[in-house]
Amino acid sequence: MPVDLHVHSTYSDGENTPEQLIEMAKTCGLASIALTDHDSVGGIKAFVEKGIETQIGTIPGIEFTSEFQKSEIHILGYFIDYESQELLGILNKIQKDRKDRIVKIVQKLNKIGIEISADDVFEIAKNDSPGRPHVAKALIRSGAVSTFKEAFDRFIGHKGPAYVGHYKLTPFEAVKLIRQVKGAPVFAHPAVSDRDSIIPELMACGLKGIEVFYPTHRPEQVERYKNIAKKFELIMTGGSDFHGENSGRNIKLGGVAIDDKVVDELRKASI
Ligand code: AMP
Ligand code: ZN
Ligand code: FE
Ligand code: FE
């Protein structure tokens, strides 16, 4: 049975609630899905409860945005203790900084003549982990740009005039934290980060898997990461990184799926 191990909800920058995602998983024939919101576990309780009711398997997860030498590295965590006070304390700090950062991004936009307000962005996000995709939506709504891509290319992308970073863990800290809260840490979309040299050090911190199957991974990259997984004895995971049907990403829930035996491997590795 297929499972999708990388899914975002309205608790970060996804368009669907955790409950809707479960219904959609049932419709498209997935046995289980993992909820992996950016720097948030806010949706997990509702997700797990709906999964029990609907008989769809649920894997409590997270996707940390981390940074190493100015590169953004995403670390997934599966089967985390999402009620851990230690985890919630760190997420609180990250989320507070994400909100402060929205204000700074909007100030930069205002300086260059674009009239949106931080409240416009918070109203779109409606959650504790607001991000640039919510700013992009506000920019589209205001008429300043017409697409997500234009918003990132002209204003809020890494090199854009309104780019502002936010407080992040290092990838090593993220892996260690996930282990501390009894989760299985996985290197997300490694071809996107293009930092394979850190894999041995991530493993020393407790890395258990690598996201081999991912929408933008080309066949030769999938081969490369399969070989790396074999060499380092890492679990091969995969997922669609679904953000919603109208998120500007051309991928459906379950559009990248893997066999459910990986769920057992991750569960074992998470103990
Ligand atoms: P943030 O975590 O707030 O910095 O936002 C990062 C998110 O923005 C990523 O997870 C993507 O979903 C999205 N994103 C980043 N770069 C682009 C881009 N060039 N075009 C569209 N979406 C992007
Ligand atoms: Zn996202
Ligand atoms: Fe990611
Ligand atoms: Fe993601």
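Right after helix α7 comes Lys182, whose phi is positive, near 60°. Helices here are DSSP runs of H or I with at least four residues, strands are runs of E with at least two, and both are numbered from the N terminus. Helix α7 itself covers residues 171–180, and its buried residues are Pro171, Phe172, Ala174, Val175, Leu177 and Ile178. Buried means under 20% relative accessible area, exposed means over 50%, and partly exposed is in between, using a 1.4 Å probe and the protein chains only. What lies over those buried residues of α7? The cover includes strands β3, β4 and β5 (184–187), together with helices α3 and α9 (199–205).

Before going on, a word on what you are looking at. This is a predicted model, in which local features need pLDDT of at least 70 and side-chain atom pairs count only at pLDDT 80 or more, while totals for chains, interfaces and linings use all residues. Residues are numbered from 1 along each chain as its sequence is written, chains are lettered from A and ligands numbered from 1 in the order in which they are written, and side-chain values use heavy atoms, with hydrogens and water left out.

Now step back to the whole chain. Its secondary structure comes to 11 helices and eight strands. For 271 residues, a compact globule would have a radius of gyration near 18 Å, and the chain agrees with that at 18 Å. That radius is taken over C-alpha atoms, and the globule rule is 2.2 Å times the number of residues to the power 0.38. Along its principal axes, the C-alpha trace spans about 50 × 40 × 40 Å. Of the 271 residues, 55% count as buried.

A contact means heavy atoms within 4.5 Å. Take the contacts with a separation of 6 or more: residues 24 or more positions apart account for 69% of them. On the outside, the chain exposes about 12,300 Å², and carbon and sulfur atoms supply 50% of that. These areas come from the Shrake-Rupley method with a 1.4 Å probe, and for residues only the protein chains shown count as cover.

Next, the metal. Which residues hold the iron ion (ligand 3)? Glu63 (OE), His74 (ND1) and His189 (NE2) coordinate the iron ion, at 2.1 to 2.2 Å. Donors are N, O and S atoms within 2.8 Å of the metal (3.2 Å for Na, K and Ca), and water is not among the atoms, so sites may look incomplete. In sequence, the donor residues are spaced E-x10-H-x114-H. A second iron ion (ligand 4) sits 3.4 Å from ligand 3, and Glu63 coordinates both. Glu63 belongs to strand β3 (residues 57–68) and His74 to strand β4 (residues 71–78), so this pair ties together parts that are 11 residues apart in sequence. Glu63 is buried, at a relative accessible area of 0%, and His74 also counts as buried, at 11%.

Helix α3 (residues 85–111), already met as part of the cover over α7, is where you'll find Gln95. Gln95 is buried too, with a relative accessible area of 10%. Leaving out residues up to four places away in sequence, Gln95 touches Asp39, Ser40 and Asp128. Follow that to Asp39, in the loop between β2 (32–35) and α2 (44–54). Asp39 is buried at 0% relative accessible area, and its phi is positive, near 50°, though the residue is not glycine.

Asp194 is another non-glycine residue with a positive phi, of about 55°. Is Asp194 buried or exposed? At 61% relative accessibility, Asp194 counts as exposed; its place is the loop between α8 (190–193) and α9.

Finally, look at where distant stretches of sequence come together. Asp4 is in strand β1 (residues 2–7) and counts as buried, at 0% relative accessibility. Gly255 sits in the loop between β7 (235–238) and β8 (258–259), and at 47% it counts as partly exposed. Asp4 and Gly255 are 251 residues apart in sequence, yet 8.1 Å apart in space, C-alpha to C-alpha. Leaving aside neighbours within four places in sequence, Gly255 is in contact with Asp4 and Ser240. Asp4, counted likewise, touches a longer list of residues, including Leu30, Ser32, Gly238, Ser240 and Val256.
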